[in-house]
Amino acid sequence: MPLSEYEQRVLEQMERALTSDDPRLANTLQSTGRGNALRYVLSGVGVVVGLLLLVVGAATSQTWLGAIGFVLMFAGVVFAFLGPRKKQQDGPVGVVGEDGTVQPPEGRARKPRKRQSGGRSGGFLARLEERWENRRNQGGQ
């Protein structure tokens with residue numbers, strides 16, 4: 001049963017709201033999963049061919065052929081588990097202020113690191129403690 005005009009408008013509004021609120025999620029939902037299937041098929045073929053080369057290399061006592069088979073199997077597994085590279089976004093990402101400058105969105109702003117006296121950076125625990133103090137001070141105001 002087709003949607004009425006009202007339902008289609010509401011659906012389009014919801015799609016626009018989703019796209020503006022979380023563009024990464026909207027892009028993920030709109031993309032097709034065919035690239036992943038092809039990735040898994042190519043990986044499976046690589047693993048099977050590598051296994052065959054490994055067995056043939058062992059049966060014929062040709063170590064180099066078995067080594068090539070092992071490398072091909074390993075590469076197939078790595079190719080299957082590593083996701084495709086993400087495309088970099090073009091242009092600045094952020095919020096345009098009233099004066100026309102681009103500000104990073106909230107939560108993504110990077111603060112410069114504070115250095116301890118002596119010009120030496122603190123250890124991991126010192127940075128965690130500093131973050132904890134910052135959160136406590138911001139939450140109590």
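This short presentation goes from the overall make-up of the chain to two local sites.

Good morning, colleagues. Please keep in mind throughout that the model is predicted.

I begin with the chain as a whole. Its secondary structure consists of five helices and two strands. Read from the N terminus, the order is α-α-α-α-β-β-α, with the two strands standing between the fourth and the last helix. The chain has 141 residues, and 9% of them are buried. Its accessible surface is about 13100 Å², and carbon and sulfur atoms contribute 58% of that area. As for contacts with a separation of 6 or more, 28% join residues that are 24 or more positions apart.

Next, the annotation. An unreviewed UniProt entry places the feature "transmembrane region" at residues 37-58 and 64-82. What does the model show over these two spans? Residues 37-58 are 100% helix and 0% strand, and the C-alpha atoms at the ends of that span are 32 Å apart. Residues 64-82 are 95% helix, again with 0% strand, and here the end C-alpha atoms lie 27 Å apart.

One residue allows us to look at how these two annotated spans meet. Ser-43 belongs to helix 3, which covers residues 34-59. Is Ser-43 buried or exposed? Its relative accessible area is 3%, which is under the 20% cut-off, so Ser-43 counts as buried. Which residues does Ser-43 touch, once its neighbours within four places in sequence are set aside? They are Gly-76, Phe-79 and Ala-80. With Ala-80 there is also a polar approach: a polar atom of the Ser-43 side chain lies 3.2 Å from the backbone nitrogen of Ala-80.

I turn now to the second site, in helix 5. How many salt bridges does a search of the whole structure find? The search finds one. That salt bridge pairs the side chains of Arg-136 and Glu-133, with an N to O distance of 3.5 Å. Both residues are in helix 5, residues 124-139, and they sit three residues apart, about one turn of the helix. Glu-133 has a relative accessible area of 32%; this falls between 20% and 50%, and Glu-133 is therefore classed as partly exposed.

To set the two sites side by side: Ser-43 is buried and has a side-chain polar atom 3.2 Å from the backbone nitrogen of Ala-80, whereas Glu-133 is partly exposed and shares a salt bridge with Arg-136. Thank you for your attention.

Notes:
Residues numbered from 1 in each chain as written. Predicted model: local features only at pLDDT ≥ 70, side-chain atom pairs only at ≥ 80, totals over all residues. Heavy atoms only, no water. Helix = DSSP H or I, 4+ residues; strand = E, 2+ residues; numbered from the N terminus. Buried < 20%, exposed > 50% of the residue type's maximum accessible area, 1.4 Å probe, protein only. Polar contact = N/O pair within 3.5 Å; in protein donor to acceptor, adjacent residues only side chain to side chain. Contact = heavy atoms within 4.5 Å. UniProt positions renumbered as here; feature names shortened; annotations may be inferred. Salt bridge = Lys/Arg side-chain N within 4 Å of Asp/Glu carboxyl O. Areas by Shrake-Rupley, 256 points an atom, 1.4 Å probe, with all protein chains shown as cover.
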